[in-house]
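Let's work through some exercises on charged side chains together. Keep the sequence and the 3D view open as you go.

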Amino acid sequence: MIMNIIEVLARYFEQDTCIEHLESIRWQGAPQCPYCKSKQSTKRKETSRYQCNGCNKSYSVLVGTIFEATKLLLPKWFLAITLILNAKKGLSSMQLGRDIDVNRNTAWYLQMRIRKAMQEGEDQDLFTGIVEIDETYIGGKKANHSKKKRQERRDNGLQITGMQDKQAVLGMLERSGRIKLQVLDKPQGKTIKPVIEQTVSKDASLVTDGFGGYAGLGKQYKEHQILNKEKEEYTRGKYHTNTIEGFWTLLKRGVYGQYHKVSVKPLQAYLNEFTFKYNHRDNKSIFDTLINKCALQNNTPVFS
Ligand SMILES: [Zn+2]
């Protein structure tokens, strides 16, 4: 349990307490107009709004954050954030809706906004050391999900059914800690390499299987270990892709509990949630980390 639900409920039961908390994160005691940046303002009585002495507009701490323009009270947002963080395999919008007593569309909207906030400031340092890279497919018929199953069908000359419903996902896992996941239109060198370049440092050691999309990476990176899995070579000393394969198993358990058919944009948002939780698995103040991101984030479109 990352943050006790009772604790969050008790601490953030009132709208005002939530507002004060967000104000302390965003302004550190000095309210600032989001429109003209003036710090001269007059607090309006009986509301959480300020009147700017510079441009005369009124504002609250919620302007420009994911919380802006929702009728939903902040205690429900804070509770939703806690429930999402505590759900190891993810939470369907149906379930979240029931838990915080809102309709499914509202719950979905909350989830998408929170997932957006999870991304803020996450892609900073490039991955180094041993980096396991692998691709997988999400969606489609369950019987053909695993790579091994698909290979078996291929070997037996059978058609791989349901591929048209599937989404390819590229995963890069830094052995010492972080993961990055990217939905791909088509898994091939052209789409894969730019994503790796954005994520992985040139002095990293890459480990992949023999998939053609990875060919040539050895020229750009310190080393590229290509495991010959068709000949059952799954490990070469410290080089293997077991960590990311274990991650795929966990991810899929979560995805199939929530989605029957996944399309690219919600899937990427879902992957971002899973990534955030994985990358912060040892972060004891993950709740505060996420609230901070929510408080500072710009209210850009969810799918930008
Ligand atoms: Zn102003």
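Below are three short exercises, each with a worked solution.

This is a predicted model, in which local features need pLDDT of at least 70 and side-chain atom pairs count only at pLDDT 80 or more, while totals for chains, interfaces and linings use all residues. Residues are numbered from 1 along each chain as its sequence is written, and side-chain values use heavy atoms, with hydrogens and water left out.

**Exercise 1.** Find out how many salt bridges the structure holds.

*Solution.* Start with the term: a salt bridge is a side-chain nitrogen of Lys or Arg within 4 Å of a carboxyl oxygen of Asp or Glu. With this rule, the structure holds nine salt bridges.

**Exercise 2.** Describe the network that links Arg115, Glu273 and Lys277.

*Solution.* Step one: Glu273 pairs with Arg115 in a salt bridge, at 2.6 Å from N to O. Glu273 lies in helix α9 (residues 264-279) and Arg115 in helix α5 (residues 104-119), so this pair ties together parts 158 residues apart in sequence. Helices here are DSSP runs (H or I, at least four residues), numbered from the N terminus.

Step two: Glu273 also forms a salt bridge with Lys277, with the closest N and O atoms 2.9 Å apart. These two are four residues apart in helix α9, about one helical turn.

Step three: together, salt bridges link Arg115, Glu273 and Lys277 in a network.

**Exercise 3.** Glu120 and Lys116 meet in a salt bridge; decide whether each is buried, partly exposed or exposed.

*Solution.* Buried means under 20% relative accessible area, exposed over 50%, and partly exposed in between (1.4 Å probe, protein chains only). Glu120, at 30%, is partly exposed, whereas Lys116, at 7%, is buried.
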